[in-house]
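Please look through the structure below with its charged side chains in mind, and then follow the text from these pairs towards the interior and the sheet.

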Amino acid sequence: MTLTEQWLEFAPKPPELTDDQKWHAFLSYRSAHRPWVIQLYDILRHLGFEVFLDQYVLAASSTLISGLAEGLEKSASGILVWSTTTQDSEWCKKECDAMESRATRDNNYHYVVVTLDRVDLPFWAKQRIYIDFSEYREGPSGVGLLKLLYGIQGKPLPHGAVHLATKIDEEVQHTLASIRAATKIGDCERLLELAISGSPAWTASALLGSQVAESLIKIKCFDDALTVVTDLEKRFPKAIRPQQLKGLALAKKGDWKKAQIVLGELEESGEQDPETLGIYARTWMDRYQESKDPRHLACSRDFYARAFKNAPGDFYTGINAAAKSVLMGELPAARDYAEKVEKIVGSKKVDGDYWMTATVAEVQLIKQNYPRAAELYQAAVNMAPEEIGSHESTWLQAKRLMAVLKPSQADHDLVAKAFSHLPP
């Protein structure tokens, strides 16, 4: 029996629904986490569970409040996705109160709390089964996934299931290390070799495939990335991350028109997470570079600003809202965004994290602290020497900003030195 077959054998089967039940599980989440939640939705549906997920269940004419209330009441169990952004959502708090009330009066009702980052759980959540998925950004996997599946049925994990899931966890962590290593040396062939694996760690969710596609984009293997995401779309048709990466690969390749179609459709279908809005905002910037129409620049800035408002801990959208404000000549707004981002990322390099370090550098650039910005840009490049696509994006942004900020020639050259390896 293959590992995949063993996985399916251990995964608990959904119970029979009673006459007054319509769903095996109700998913409660904040819109910023929809891509992760859809990965979970895909897995549950694959295993035969009927799942209440608002965007797939509620018709356009439905009343949101009554529809969600009915969905929760007719569900046999609940899954509450919790994070640092969820704790500020009054709506999510109401749903978790409803789940707690239901569990108190119905011993057959179980709900599981899932954490997506290092959030400090409220007291009530610590009294329930909770599972930490903070290391699984793209979707659930391994031991945590099996705990969730058994937890919503109020069952303990069988010993054999723990052993198998631990193997899958180990494979995921080993493969992520292999992906990072191949990315660091710019090895497209190795990344594509990893992507054809058929093991459970690859077939349970789009996690690893998405990581490969993202890495291929970083090292400018755009066509290879599109090949990987096309395969992911076939295997995980409702997963959002492959679609986001498809849009990003198209945009990086220079085809902003096709990228806008992909990302615009995601945005119109209700995807308001920072990743979707952030990449979509980038395509409006690409469009502005061709059209020179200030409305397109404003559209880019506004999408970044909306994404940052939705997820105020997301430094990527925050720094881009700041940068686009600079380009629009709105320097007070730009500095305000930059100050907010600095509170998130700090003012020092972050070892092993190119984009966060590059963001710290960009904050200093917008604050017109050019020597410090130059030092941080160089630190970012040094920690990811083969991510040429990332370097090019960072340098392009810096050049645009300096064209407006007008540093001295000496300061301009100091910043440019970090990117002297790039073609002119």
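Arg-235 is partly exposed, with a relative accessible area of 34% (exposed means over 50% relative accessible area, buried under 20%, and partly exposed in between, for a 1.4 Å probe and protein chains only). Its partner in a salt bridge is Asp-231, the closest N and O atoms being 3.0 Å apart; such a bridge is a side-chain nitrogen of Lys or Arg within 4 Å of a carboxyl oxygen of Asp or Glu. Because they are four residues apart in helix 12, Asp-231 and Arg-235 are separated by about one helical turn. Helices (H or I, at least four residues) and strands (E, at least two) are DSSP runs, numbered from the N terminus. Elsewhere, Glu-214, Arg-241 and Glu-275 are joined into one network by salt bridges that share partners.

This is a predicted model, in which local features need pLDDT of at least 70 and side-chain atom pairs count only at pLDDT 80 or more, while totals for chains, interfaces and linings use all residues. Residues are numbered from 1 along each chain as its sequence is written, and side-chain values use heavy atoms, with hydrogens and water left out.

A second pair, Asp-223 and Lys-253, meets in a salt bridge at 2.7 Å, N to O, and links distant parts of the chain, since Asp-223 lies in helix 12 (residues 222-235) and Lys-253 in helix 13, 30 residues apart. Helix 13 (residues 241-253) also holds Ala-249, which is buried, with a relative accessible area of 0%. Ala-249 touches Ile-217, Phe-222, Ala-225 and Leu-226, not counting residues up to four places away in sequence, where contact means heavy atoms within 4.5 Å.

Turning to the interior, the largest nonpolar core (a set of buried Ala, Val, Leu, Ile, Met, Phe, Trp, Tyr and Cys residues joined through side-chain atoms within 4.5 Å) has 118 residues, of which Ile-79, Leu-365 and Tyr-377 touch the most other members. Helix 8 (residues 159-184) gives this core its largest share, eight residues. Among the contacts of Ile-79 are Phe-26, Leu-44, Val-112 and Leu-148.

An open sheet of five strands, in the order 2-1-3-4-5, shows parallel pairing, two strands being paired if DSSP finds at least two bridges between them. Its edge strands, each pairing on one side only, are strand 2 (51-52) and strand 5 (130-132). Strand 1 (residues 25-28) runs parallel to strand 3 (residues 77-82), and three bridges join them; Ser-28 has Leu-80 in strand 3 as its bridge partner.
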